[in-house]
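User: Could you walk me through how to read a structure like this one? I would like to learn what to look at and in which order.

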Amino acid sequence: MTVVAADAAVSQVDAAAAAASTRPRCSTEDMLQLLQDYDCWVFDLDGTIWRGNEVIEGVLEALELLRKLGKKVLFMTNNSMKSRGSYLDKCLQDDIYCSSYSAAAYLDSIGFDRSKKAYVVGERGIMQELAAVGIESFGGPDDNEKRASFSSEMLHDTQVGAVVCGVDPNLSYYKVQYASMCLLLNPGCLFIATNTDARGHFTPNLEWAGAGATVGAIKGVVERDPIVTGKPSPFLMQDIAAKHNVQPAKSIMVGDRLDTDILWGLNTGMATLLVMTGVTDEQLLVAQRGSSNGVKPHFVMDSFGDLRRVAQQALQQQK
Amino acid sequence: MVSCQAVANGTTQPRRADTDDKRKLIDSVDCFIFDCDGVIWRGDSVIDGVPETLDMLRAMGKRLVFVTNNSTKSRAGYLGKFTGLGLNVNAEEIYSSSYAAAAYLESIDFKKKVYVIGESGILEELDLKGIQHLGGPEDAEKVVALKKGEYMEHDEDVGAVVVGFDRHINYYKIQYATLCIRENPGCLFIATNMDAVTHLTDAQEWAGNGSMVGAIAGSTKREPITVGKPAEFMLDNIAKTFGLKRQQICMVGDRLDTDILFGKNGGLTTCLVLSGVTDEETLLSPENSVHPDYYMSQLSELLAVKEAAKVAA
């Protein structure tokens with residue numbers, strides 16, 4: 001998968017980044033500058049906007065500020081459990097890109113043979129997104145109760161042309177075996193991962209094993225890497241840029257993970273803002289900033305909610 | 001038997017053993033380590049001529065050790081399989097990866113608790129070493145519902161997670177192991193083996209422990225310490241237990257990537273048998289770079305030495 005070339009006009013990013021990267025956290029001036037420089041704001045969800053079902057303090061006001069300033073607000077999550085449609089009931093008015101959608105969009109973009117099927121190891125959201133692009137799928141939660149029987153031969157559908165994986169709280173030997181058989185025995189069968197995140201804040205107070213576990217289990221049998229369609233793969237950027245007329249140089253990615261959110265922003269030529277409300281702790285941030293090939297965010301804030309502190313000044317400046 | 005010499009491009013091909021080779025092989029080593037599946041038995045049937053071959057080697061004063069990467073049974077559990085197939089073996093001669101995990105923990109003077117992903121074999125071996133454990137088959141039916149308020153506690157005294165083949169792998173186990181490894185300072189991540197596939201039945205290949213380990217590696221971003229083939233530990237432990245030097249040992253197996261590589265990395269003489277998963281074509285293919293010192297169709301070919309001795313007498 002090729003990385004989208006960074007826009008030549010990144011001098012804005014470099015200048016601001018050079019200043020901010022010397023500071024552990026964004027100052028008030030940095031925040032006001034961000035609001036000036038970036039028209040399109042893309043947000044991760046888990047650990048950035050909410051944790052499980054609890055919105056992080058101050059975030060709604062901060063989002064409201066962006067809207068008042070006329071900014072485009074998009075959301076991009078690696079959470080593969082739901083489809084895009086179901087996020088609307090969390091009252092997010094703007095466009096959501098989720099990793100389940102990214103897998104379906106990817107298969108659509110390569111002209112996946114619609115006479116074939118997809119076997120899903122993951123939640124219903126993936127199946128819904130696949131259906132939306134006309135790809136037949138099976139497995140997913142419908143296979144939760146299935147168990148491998150070693151006393152008879154296990155069969156598999158030879159028409160499976162892709163195995164699509166996401167986090168699966170009902171992962172089982174049966175599912176791993178079925179997926180592995182498709183990948184090893186069906187010629188050309190694609191191995192697609194919505195993401196490979198090791199863990200996620202699927203509930204507010206605990207990190208839970210993520211899609212990385214599902215992918216790791218299958219990879220341990222088939223001994224090959226999947227095509228990753230969610231962050232940090234730049235794949236969805238083409239989709240977003242086209243639909244929203246987004247210029248990476250005037251865009252900023254806000255997220256809590258260095259190896260997905262921030263890396264996605266870097267891969268697609270955007271500015272990047274790391275928030276400390278999710279999985280990244282100070283130790284990891286310092287280590288990455290100190291390493292020659294570490295993932296370095298341009299800006300860091302304790303919480304995206306902190307942006308609301310400059311609301312009055314920002315709105316004044318706009319006038 | 002044709003012995004293969006250097007081919008046109010100058011590299012040495014593996015050597016199909018003739019009677020002289022077999023005699024030389026037997027004379028040059030004091031100990032034979034056998035992989036089990038594909039060498040001693042296939043599924044639940046002993047490979048013909050094996051009992052007599054083992055008896056011959058014992059009569060010649062050779063030490064015999066049987067290794068298997070299968071962790072589902074303990075050594076005592078495997079003994080039942082051996083005797084049921086008419087093979088004369090002692091439990092101490094069997095090195096299952098379940099035993100290897102317990103032996104490893106003993107070798108580092110481990111005093112904490114172990115969370116086990118795997119079947120009863122690992123638990124039994126830990127019991128024999130007096131090591132406390134949780135998990136294993138009792139977590140087989142546990143379910144996680146990722147809904148509001150869901151939380152998982154974990155035992156802070158777990159100092160190691162041991163991952164072995166588990167037909168009842170589930171998200172609860174993966175998550176529990178992940179919490180121990182991530183939250184308990186210094187918690188070890190140990191894999192009995194990394195085999196991608198296993199031959200539980202003759203009909204097809206089945207996902208092996210590579211998948212259980214892969215799940216945990218995927219959620220923790222850590223690589224495990226492996227105690228089974230082809231990692232060094234099992235070999236070190238065998239050599240130490242029986243007071244042997246590497247040059248005194250021959251590894252006999254049917255897999256290039258585990259058995260033969262295991263033997264070569266360990267400085268052993270190596271012999272591939274074609275009675276298991278590797279065929280001659282794969283062995284001799286230019287894509288294969290793992291070359292055993294000798295190869296033969298099956299273990300019982302060693303009996304030719306006895307026959308030759310009879311004829312000479």
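Analyst: Happy to; we will go from model confidence to the annotated sites, then to a helix and a core. Keep in mind that this is a predicted model.

User: Then how does chain A score on average for pLDDT, and over which residues does pLDDT stay under 50?

Analyst: pLDDT is the predictor's confidence in each residue, so it is a good place to begin. Chain A averages 89, with 90% of its residues at 70 or above. The weak stretch is residues 1-12 of chain A, where pLDDT stays under 50. The model has 20 contacts beyond four places in sequence for that stretch.

User: Which residues does UniProt list as "binding site" in chain A?

Analyst: An unreviewed UniProt entry gives Asp44(A), Asp46(A) and Asp256(A). Such annotations may be inferred rather than shown by experiment. The three span 213 residues in sequence, yet no pair of their C-alpha atoms is more than 8.2 Å apart, so they gather at one spot. Asp44(A), Asp46(A) and Asp256(A) also belong to the lining of the largest cavity. The "active site" feature, again from an unreviewed UniProt entry, is placed at Asp44(A) and Asp46(A).

User: Let's take Asp44(A). Is it buried or exposed?

Analyst: Buried means under 20% relative accessible area. Asp44(A) has 5%, so it counts as buried. You will find Asp44(A) in the loop between strand E1 (40-43) and strand E2 (50-51) of chain A.

User: Which side chains make polar contacts with the side chain of Asp44(A)?

Analyst: Look for N or O atoms that can pair up. The side chain of Asp44(A) has a polar contact of 3.1 Å with that of Thr48(A), and another of 2.9 Å with that of Lys231(A). Beyond four places in sequence, the residues in contact with Asp44(A) include Met76(A), Thr77(A), Asp256(A) and Asp261(A).

User: And where is Asp46(A) found?

Analyst: Asp46(A) is in the loop between E1 and E2 of chain A. With 15% relative accessibility, Asp46(A) counts as buried. Its side chain makes a polar contact of 3.3 Å with the side chain of Trp50(A). Farther along the sequence, Asp46(A) touches residues including His201(A), Phe202(A) and Asp256(A).

User: What surrounds Asp256(A)?

Analyst: Asp256(A) sits in the loop between strand E13 (251-255) and helix H10 (258-267) of chain A, and it is buried at 1% relative accessible area. Among the residues it touches beyond four places in sequence are Asp44(A), Asp46(A), Thr48(A), Asp261(A) and Thr280(A).

User: Where does UniProt place "binding site" in chain B?

Analyst: At Asp35(B), Asp37(B) and Asp254(B), from an unreviewed entry. These span 220 residues in sequence, yet no two of their C-alpha atoms are more than 7.9 Å apart, so they too gather at one spot. The lining of the largest pocket includes Asp35(B), Asp37(B) and Asp254(B).

Asp35(B) lies in strand E1 (residues 31-35) of chain B and is buried, with a relative accessible area of 7%. The side chain of Asp35(B) makes a 2.7 Å polar contact with that of Lys229(B). Asp37(B), in the loop between E1 and strand E2 (41-42) of chain B, is partly exposed at 30% relative accessibility. Both Asp35(B) and Asp37(B) are in contact with Asp254(B).

User: Back to helix H10(A): how many of its residues are buried?

Analyst: Seven of the 10, so H10(A) is largely enclosed by the rest of the structure. Among the buried ones are Leu258(A), Asp261(A), Ile262(A) and Trp264(A). What covers them includes E1, strand E4 (72-77), helix H9 (235-244) and helix H11 (282-290) of chain A. Just after H10(A) comes Gly269(A), with a positive phi near 80°.

User: Which residues touch the most other members in the largest nonpolar core?

Analyst: In soluble globular proteins, nonpolar side chains tend to be buried together. Here the largest nonpolar core has 61 residues, and Val163(A) and Tyr115(B) touch the most other members. Beyond four places in sequence, the residues that Val163(A) touches include Tyr119(A), Leu183(A), Phe191(A) and Ile192(A).

Definitions and conventions
Residues are numbered from 1 along each chain as its sequence is written. Chains are lettered from A and ligands numbered from 1 in the order in which they are written. Side-chain values use heavy atoms; hydrogens and water are left out. On a 1 Å grid over the protein atoms alone, a cavity is a set of points where a 1.4 Å probe fits but cannot get out, and a pocket is an open set with protein on both sides within 12 Å along at least five of seven lines; lining residues have an atom within 4 Å of a point. Helices (H or I, at least four residues) and strands (E, at least two) are DSSP runs, numbered from the N terminus. Buried means under 20% relative accessible area, exposed over 50%, partly exposed in between (1.4 Å probe, protein chains only). Contact means heavy atoms within 4.5 Å. A polar contact is a pair of N or O atoms within 3.5 Å; within protein, one must be able to donate a hydrogen and the other to accept it, and residues adjacent in sequence count only if both atoms are side-chain atoms. pLDDT is the predictor's confidence in each residue, from 0 to 100. A nonpolar core is a set of buried Ala, Val, Leu, Ile, Met, Phe, Trp, Tyr and Cys residues joined through side-chain atoms within 4.5 Å.
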